[in-house]
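Let's take a walk through a protein model together, going from the overall fold to the ligands and then to a few backbone details. Keep the structure open beside you as you read.

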Amino acid sequence: MPFYGWLFDPKRCIECRACESACKQWNGVDTSVNVRYRRVKVVESGKYPQPVTVAVSMACNHCENALCVKACPTHAMWRRDDGIVVVNQEACIGCQLCARFCPYGAPQLNATTGKTEKCHMCLDRVDEGLQPACATVCPTEALRWAPWDETRDQGSTVIPGYGPSSTSSPRYRVVTTGWGRKS
Ligand code: SF4
Ligand code: SF4
Ligand code: SF4
């Protein structure tokens with residue numbers, strides 16, 4: 001059974017947030033409580049007169065060493081055989097220990113339900129042989145979803161705004177393919 005991961009090219013990202021919107025729409029995310037499974041964060045670096053900003057699209061990275069799964073006291077946070085990390089809403093007690101240990105801010109408390117939610121890699125789509133909604137709509141292919149065997153050795157483990165790959169071993173790589181070329 002293949003595992004999957006994310007490839008992200010900051011040079012292609014135009015900060016359109018279509019990935020965020022597709023995620024909200026497909027998954028019916030309750031935006032009234034400020035939960036976002038995928039979010040585009042603008043990271044600033046450099047100094048005047050040459051400041052640099054870069055947009056980074058981030059969700060759950062379905063880490064190989066998922067610290068959230070280890071931290072969860074009720075086993076509500078669990079991993080499927082294909083590596084997708086999921087929250088069992090019935091077992092979740094909203095303690096937010098998963099959020100405390102996640103380096104990427106993925107688990108978020110829904111203040112209405114009192115349960116934690118996060119990206120589940122659109123498992124309903126994956127089970128039907130489809131790509132996650134966010135990767136499907138990205139107009140520049142800045143965000144891609146691919147088998148991890150083809151992805152893990154590409155690009156860098158340093159994620160702008162998040163630093164080097166953490167001990168959680170995220171399935172996320174940063175590539176620079178530039179316009180007009182694909183890796
Ligand atoms: S849809 Fe693609 S280009 Fe637009 S913000 Fe998301 S990753 Fe960037
Ligand atoms: S990104 Fe965070 S929530 Fe997702 S698997 Fe990794 S540690 Fe868990
Ligand atoms: S994989 Fe699905 S749930 Fe996860 S961020 Fe993308 S659209 Fe949202």
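The paragraphs below start with the whole chain and then move inward.

Please keep in mind that this is a predicted model. The protein chain contains 6 helices and 9 strands. Along the principal axes, its C-alpha atoms fill a box of roughly 50 × 40 × 30 Å. How does the radius of gyration fit with a compact globule? For 183 residues, a compact globule would be expected near 16 Å, and the protein chain has 16 Å, so the two agree. Of the 183 residues, 31% are buried. Contacts across the sequence are also plentiful to look at: among contacts with a separation of 6 or more, 57% join residues that are 24 or more positions apart.

Now let's step inside. The largest nonpolar core has 37 residues, and F8, C68, M77, C134 and L143 are the ones with the most contacts inside it. Several elements supply at least two residues each to this core: the strands β1 (4-8), β3 (52-58), β5 (85-87) and β9 (172-174), together with the helices α1 and α5. Of these, β1 gives the most, with 4 residues. C134 is a good residue to click on here. Leaving aside neighbours within four places in sequence, C134 is in contact with C19, A22, C23, R38 and L143.

C134 also leads us to the ligands, since it is among the closest of the 14 residues that surround ligand 3, along with C23, C119, C122 and P132. Two elements give two or more residues to this shell, namely α1 (18-27) and α5 (133-137). The largest share comes from α1, which provides 4 residues. By class, the shell around ligand 3 divides into 11 nonpolar, 2 polar and 1 charged residues.

Ligand 1 is likewise surrounded by 14 residues, and the closest are C13, C16, C19, C138 and L143. Two of these names may look familiar: C19 and L143 were listed as contacts of C134. Here α1 and β3 each supply at least two residues of the shell, which comprises 10 nonpolar, 2 polar and 2 charged residues.

Ligand 2 has 15 residues around it, with C60, C63, C68, C102 and A106 coming nearest. Look for C68 in particular, as it is also among the residues with the most contacts inside the largest nonpolar core. The shell around ligand 2 is made up of 11 nonpolar, 3 polar and 1 charged residues.

Finally, a few backbone details deserve a look. Where does P49 sit? P49 is in the loop between β2 (39-45) and β3, and the peptide bond leading from Y48 to P49 is cis, with omega near 10°.

Two residues other than glycine have a positive phi. For H75, phi is near 60°, and this residue lies in the loop between α2 (67-71) and β4 (77-79). For C122, phi is about 50°, and its place is in the loop between β7 (115-117) and α4 (123-126). Is each of them buried or exposed? H75 counts as exposed because 10 other C-beta atoms lie within 10 Å, and the limit for exposed is 12 or fewer. C122 counts as buried because it has 23 C-beta neighbours inside 10 Å, where 20 or more are needed. C122 also brings us back to ligand 3, as one of the closest residues in its shell.

Technical notes. Residues numbered from 1 in each chain as written. Chains lettered and ligands numbered in written order. Predicted model: local features only at pLDDT ≥ 70, side-chain atom pairs only at ≥ 80, totals over all residues. Rg over C-alpha atoms; globule rule 2.2 N^0.38 Å. Contact = placed C-beta atoms within 7 Å. Near = placed C-beta within 6 Å. Nonpolar A, V, L, I, M, F, W, Y, C, P; charged D, E, K, R; others polar. Core = buried A, V, L, I, M, F, W, Y, C linked by C-beta atoms within 7 Å.
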